[in-house]
Structures are given as C-alpha cells and as structure tokens.
Amino acid sequence: MKVIEYPERKQWDELLKRPVMETEGLFDTVRGIIAKVRSEGDKAVMAYEKMFDKVELETLGVTEAEMDEAEALVPEDLKNAISLAKENIATFHASQQFVGKKIETRPGVICWQQAVGIEKVGLYIPGGTAPLFSTVLMLAVPAKIAGCREIILCTPPGRDGKVHPAVLYAARMAGITRVFKVGGVQAIASMAYGTESIPKVYKIFGPGNQYVTASKQLVSLRDVAIDMPAGPSEVEVLADETANPAFVAADLLSQAEHGVDSQAILITTSADLLQAVRREVERQLELLPRKEIAARSLENSKLIVVESMSQAIEMTNDYAPEHLIIETKDYESVASQVTNAGSVFLGAYSPESAGDYASGTNHTLPTNGYARAYSGVNLDSFTKKITFQEIVPEGLRTIGPAIETMAANEHLDAHKRAVTVRLNEIGR
C-alpha cells in the first residue's frame with residue numbers, strides 16, 4: 001500500500017482519486033447488446049448467455065425443482081446464518097416505514113403523503129468470483145416489506161447451467177419466487193424492456209461490473225429507474241493512536257478482497273499506527289485464499305497520516321467513502337462531524353463485515369464519491385410517495401385569491417380561471 005505522510009491540502013484531490021474506468025467508453029458496446037435484447041427477446045438473451053457465460057440454456061427461468069435442489073445443498077449452518085441475517089435486515093428496514101399525516105396548511109386545505117411500493121422491481125445479483133447471496137437479502141427483504149407486488153431476480157448461471165444454491169436459498173427465504181438465469185448487460189436489458197420470459201420492471205437494483213453499470217446508466221436515461229450510480233467497492237478507516245493495528249488491517253483487507261478495482265484507505269493521526277498497520281496488512285495478506293485479488297486491490301489503496309483529527313475528518317468528508325470505520329477514542333464525537341459517507345461503523349468492534357452481512361443495515365451503498373448526494377438502499381428506495389390534497393369551499397376562499405394573483409402574474413390565464421369559476425360558484 002502507498003504511504004502518504006502529511007499531504008498538503010492542494011494534494012488531496014489527486015490523492016483521493018478512485019481506480020474507476022469511465023463507463024462512457026463502454027456505451028457503444030452496451031447499446032448494441034441492449035438493442036438486440038429489446039428486438040429479439042429470449043433468443044438474444046440465450047445467445048449472449050452462450051457468448052458471455054459459456055452456457056447453453058433451454059429456458060431462462062429457475063424451476064421449483066431447482067429451488068428445492070438448492071435448498072437441500074445448502075449446509076445447515078449457512079441456512080441458520082442466512083435466517084439470522086434476514087431477521088435483522090427485516091427488523092431494521094421495517095422500522096423505516098413511512099407514516100404520513102394529514103396537515104391543514106390553512107383552514108379547509110388538507111395535504112398529506114402516502115408511501116406506496118413500486119409495483120414491479122428487478123434485482124440483479126452478479127456472479128463472478130463470489131456468490132453474493134447476502135445481496136439477495138439486502139434487496140429482496142426491503143422490497144417485500146415495501147409491498148412491491150412483482151419482484152424478479154436475475155443472476156448469471158455457472159457453466160453447468162445452474163445458479164449457486166445459496167443464492168436460490170436466500171431468494172426463497174426472502175420470498176422471491178421468480179428467478180432467471182441471466183447475467184450482465186442482457187439481464188439489465190431484459191428487466192428494462194421485458195422479453196417473452198422476463199417481465200419488464202419499473203426500477204432495477206443491484207451491483208455489477210462496469211458493463212452492468214454502463215447498461216444501468218443507459219436504460220435509466222428514459223426507460224426505467226435505477227437504485228443509484230455505482231462503481232467499485234471501497235472502505236476508509238479513520239483511526240487514531242488507540243486503534244488496534246490488527247483490526248484495522250483486517251478491515252482494509254476485507255475490502256481489498258472484493259475485487260482488483262476495490263480501494264481501501266487508512267486516514268490516521270498516528271504515524272506509529274500507520275507503520276503498524278502496514279506491517280499487519282503484509283502479514284495478514286499472506287493468509288488469504290484470495291491473496292492475489294487483494295494484493296492487486298492494495299495497489300489502488302493508501303495509508304495516509306495527517307496532522308490533526310479535524311484534518312482527518314475534513315479529508316474523510318472530501319473522500320465520501322462508501323464504508324467508513326471510525327476507530328478512535330472519541331468515535332461518537334468524530335462521527336457527529338461526518339457529512340459524507342454511505343454507512344458508518346463505530347468503534348473497535350464494528351467491522352464492515354457486520355453491515356455486509358448480518359447487523360441489519362443495507363450493504364448496497366453509494367460508491368465513487370456519490371455519498372455526497374446519495375443514500376444507500378433503504379425502504380424508501382422501493383417506494384414512491386404520492387401527495388394528496390383536499391380543499392373544501394372554505395379553504396378555496398382562503399387561498400383562491402392568492403392562486404389567481406400568482407397565475408395572472410405568470411400569464412397562465414387558464415390556471416387562474418380554474419380557480420375563478422369555482423369561487424364564482426361558491427361565492428367569494
């Protein structure tokens with residue numbers, strides 16, 4: 001990992017850059033795949049599955065027998081772990097349910113909001129080097145709580161034509177019955193436009209590689225909503241001299257093993273801690289089965305020592321990390337000054353892994369600095385809020401003249417007339 005000591009403020013922008021590929025460069029390739037799926041449906045999807053996932057499929061949907069088979073293959077201890085995680089995720093997200101109340105802004109003018117689940121949502125679960133069954137829970141559980149009426153899930157199959165058993169088990173546990181063996185751009189296109197087998201949805205959720213990200217961006221321009229912009233996963237540890245170097249190193253490596261384009265950053269006020277963490281990273285790296293992936297990720301990663309905690313907090317807010325672990329003696333005070341982060345983990349015993357799996361918070365979070373403006377996935381992500389208003393004659397008499405005046409001054413006479421005819425009817 002690169003070591004940076006006491007950087008000047010003017011160096012920060014360059015120092016905090018992510019290893020992100022410009023997805024715009026993929027648009028032409030992605031656009032062609034989307035167009036083919038849009039025009040040829042299942043036929044194109046199966047052809048792309050053969051091309052990209054190296055599998056020949058006769059049908060795209062996962063059968064009930066395949067779900068049963070998957071359930072039998074999942075070890076009991078993993079079933080128990082998935083059950084615990086699902087319960088915690090459900091508890092936390094259920095607490096986010098919106099309760100609207102009627103507000104009388106003026107006598108006789110009543111306004112309120114009602115949260116309604118998005119009717120049709122599509123969940124994308126990537127394949128690749130690790131089966132992300134945890135992401136199934138993170139997306140499907142809040143979708144069910146929100147009351148989404150149709151929830152479909154797309155995920156790439158292996159070369160044997162089967163989906164990883166834990167992914168299917170997690171889907172069943174979360175109440176998802178429609179799963180399709182489709183990955184990559186063709187999965188996003190299928191959910192955005194529909195095929196003979198895969199229904200069109202109104203919003204697409206889930207992580208993916210740069211091609212998936214590019215396809216989500218393209219289909220969201222006019223045809224379907226998406227959860228958020230996304231890039232490679234990242235973590236920052238903000239620590240002082242009281243932090244445990246072994247814990248910090250473990251947190252950095254847990255992020256690094258996600259993928260070669262992941263980023264892990266330590267920002268600390270202690271030069272001694274930085275050196276201790278550097279040594280621990282080297283020691284622990286040798287113990288990892290995914291050592292090669294983590295090592296390549298660490299090439300994008302940095303250990304930074306700064307002059308003061310206020311400077312460390314300012315740099316943190318500039319970076320706007322997806323995951324932020326605060327391991328300082330006064331972590332609650334430090335946390336109160338954080339304005340830009342996806343998910344924050346406080347104290348020595350709150351590893352990022354907890355939020356990734358089982359504490360109950362969601363792990364689908366804004367990356368690449370989008371935490372400056374975006375929230376992570378939550379119950380609101382699966383709902384829309386519809387505004388209602390009821391105005392009785394007394395209320396219209398109260399606000400009607402103001403509406404007429406404003407409409408007239410915007411030269412929108414029909415707007416004014418819609419009020420005037422009513423006031424004439426009920427008497428001013």
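A residue is called partly exposed here when its relative accessible area falls between the buried class, under 20%, and the exposed class, over 50%. In this predicted model, Leu346 meets that description, since its relative accessible area is 32%. Leu346 belongs to strand β13, which covers residues 343–346. On the surface, Leu346 joins Tyr331 and Val344 in a nonpolar patch, and together the three residues offer about 200 Å² of accessible area.

Helix α4 gives a helpful view of how one helix is placed in the fold. Its buried residues are Glu66, Met67 and Ala70. Viewed down the axis of α4, these buried residues fall within an arc of 100°, so they line one face of the helix. An α-helix has 3.6 residues a turn, so residues three or four places apart point the same way. The packing partners of the buried residues of α4 are α7 (165–173) and β6 (178–181). On the face turned away from this buried side, α4 carries the exposed residues Glu64, Ala65 and Ala72.

Aromatic side chains come next. Five aromatic pairs are present in the structure. One of them joins Tyr48 and Phe52, whose rings are stacked at 5.7 Å centre to centre with 5° between the planes. Both residues lie in helix α3, four residues apart, which is about one turn of the helix. Tyr48 is buried, at a relative accessible area of 12%, whereas Phe52 is partly exposed, at 41%. A further stacked pair is formed by Trp112 and Phe388, with 5.6 Å centre to centre and 5° between the planes. Here Trp112 sits in strand β3 (residues 109–117) and Phe388 in strand β14 (residues 383–391), so the pair ties together parts that are 276 residues apart in sequence. Trp112 counts as buried because its relative accessible area, 19%, is under the 20% limit. Phe388, with 30%, is partly exposed.

Two loop residues deserve a look at their backbone angles. Lys54 has a phi near 60°, a positive value in a residue other than glycine. Lys54 is located in the loop that links α3 (42–52) with α4 (64–73), and its relative accessibility of 48% makes it partly exposed. Ala320 also shows a positive phi, near 55°, and is likewise a residue other than glycine. The loop between α13 (309–319) and β12 (323–327) holds Ala320. With a relative accessible area of 0%, Ala320 is buried.

Technical notes:
Residues are numbered from 1 along each chain as its sequence is written. This is a predicted model: local features need pLDDT of at least 70, side-chain atom pairs count only at pLDDT 80 or more; totals for chains, interfaces and linings use all residues. Side-chain values use heavy atoms; hydrogens and water are left out. Buried means under 20% relative accessible area, exposed over 50%, partly exposed in between (1.4 Å probe, protein chains only). The arc is that of the directions from the helix axis to the C-beta atoms. Contact means heavy atoms within 4.5 Å. Patches are made of residues with over 30% relative accessible area and no salt bridge: like charges are joined within 9 Å, nonpolar side chains (Val, Leu, Ile, Met, Phe, Trp, Tyr) within 5 Å. Accessible areas come from the Shrake-Rupley method with a 1.4 Å probe; for residues, only the protein chains shown count as cover. A salt bridge is a side-chain nitrogen of Lys or Arg within 4 Å of a carboxyl oxygen of Asp or Glu. Rings of Phe, Tyr and Trp (its six-membered ring) pair if their centres lie within 6.5 Å; planes under 30 degrees apart count as stacked, over 60 as edge-to-face and the rest as tilted.
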